[in-house]
Amino acid sequence: MLDDVARAVDALRAGDLVAFPTETVYGLGADAANARAVRRLFAVKGRPADHPVIVHVARAGQLDDLARDVPDAARLLADGFWPGPLTIVLRRNMERVTPDVTGGRDTVGLRVPDHPIALELLEAFGGGVAAPSANRFGRVSPTTAAHVRADLGDDVRVVLDGGPCRVGVESTIVDVTGAEPAILRVGGVSRAEVEATLGRNLVLRTGGESAAPGTLASHYAPSANVEIVDMSDVGVRAVDLLARGRNVGLLALAPVAAGLPEKLTVLDPPRDVEAFAQVLYARLRQADALHLDALLVVLPPVTDGLGAAVRDRVQRAAH
Ligand code: TXA
Ligand code: MG
């Protein structure tokens, strides 16, 4: 693995792309200071140029390298959650982060990921690594190295394999550049945890003006039609779709209701909401591998934290 990390560092220095594991999803990385590398990143990803990418660093001490006018709120969040699934949007240091990373915005999203291989890579590289999730634009985020290879093939020089991602959904994004801190995306850290750390309530700004890729319709979507249903309606809905010749699957927390149609493909049910988050993207990919026409999904209960993130991603996939 050490050699692979060294190869990845060389690739980043040469302006090439590398895929690496994080605790949330796999990232597709480029040197955040290299405009040419970042433009190639956007091209490979198929991502519109005005959609900003998160910059990953090894240590909270790099906040002041890559950002400027860092407010106390950012330091509290970095102390509380880094390394971890939280991205902090700050004012960009114009010299250390090329404007191509942020679609010309004067802000930058920073994150220290909680994965030993990611940290080793970032530490050895030294600078910021711009990295969106390592999937083509609009598709399901990768949570294994095999997902990355299936999506990106030869377009990525090095794929570091860190096994399946522990959290499974993307980081929570908090913007601290405004008068009041705002949540731009729910994810691996719960809103309640962020609010407790900041000692104040957060504005929820997950759509609208500064809306980003994660907030577009039909994001995180497999080819199968994702349909949200209540557990009590699964049987009736499945019978209806199966009668019309559709290939139908079900994703729901355990225990799954008894007496469902035999032809319904019940995907291995996660035991709790953390497990649901962990396997969600793999299950969406599995739905396609099984050539399902429809995937019925029963949302986990409305809890804060990963429950909110899972519900958010499924709702986007169902759009
Ligand atoms: O967990 C994650 O965050 C993963 C791993 C690889 O770190 N990354 C990820 O990146 O999900 P991506 O590109 O798929 O999503 C990045 C999100 C987008 O919604 C984008 O708009 C937002 O971060 N973002 C990045 N920089 C921003 C900025 N300066 N202002 C507002 N939003 C920003
Ligand atoms: Mg993504």
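Guide: A polar contact here is a pair of N or O atoms within 3.5 Å, one able to donate a hydrogen and the other to accept it. Keep in mind that this is a predicted model.

Visitor: What makes the approach of the His 56 side chain to the backbone oxygen of Ile 54 a polar contact?

Guide: The side chain of His 56 gets to that oxygen of Ile 54 at 3.4 Å, and the cut-off is within 3.5 Å, so the pair qualifies.

Visitor: Why is His 56 called buried?

Guide: Its relative accessibility is 4%, and buried means under 20%, so His 56 makes the cut. His 56 belongs to strand β3, residues 55–56. Beyond its neighbours within four places in sequence, His 56 touches several residues, among them Phe 20, Arg 111, Leu 122 and Val 129.

Visitor: And how far is His 56 from Gly 29, C-alpha to C-alpha?

Guide: They sit 8.7 Å apart in space, with their positions 27 residues apart in sequence.

Visitor: On to the helices. Why are α9 and α10 called roughly parallel?

Guide: Their axes cross at roughly 25° and come within 8 Å. Angles under 35 degrees count as roughly parallel, so this pair fits. The crossing of α9 past α10 is left-handed.

Visitor: Which residues make that contact?

Guide: From α9, the list includes Val 273, Phe 276, Leu 280 and Leu 284; from α10, it includes Leu 306, Val 310 and Val 314. By class, the contact residues come out as ten nonpolar, one polar and two charged.

Visitor: What makes Gly 307 of α10 polar here?

Guide: Gly is put among the polar residues by definition, so Gly 307 counts as polar.

Key:
Residues numbered from 1 in each chain as written. Chains lettered and ligands numbered in written order. Predicted model: local features only at pLDDT ≥ 70, side-chain atom pairs only at ≥ 80, totals over all residues. Heavy atoms only, no water. Helix = DSSP H or I, 4+ residues; strand = E, 2+ residues; numbered from the N terminus. Buried < 20%, exposed > 50% of the residue type's maximum accessible area, 1.4 Å probe, protein only. Contact = heavy atoms within 4.5 Å. Axes fitted to C-alpha atoms, helices over the stretch in contact; angles between N-to-C directions. Left-handed = near helix turned anticlockwise from the far one by under 90°.
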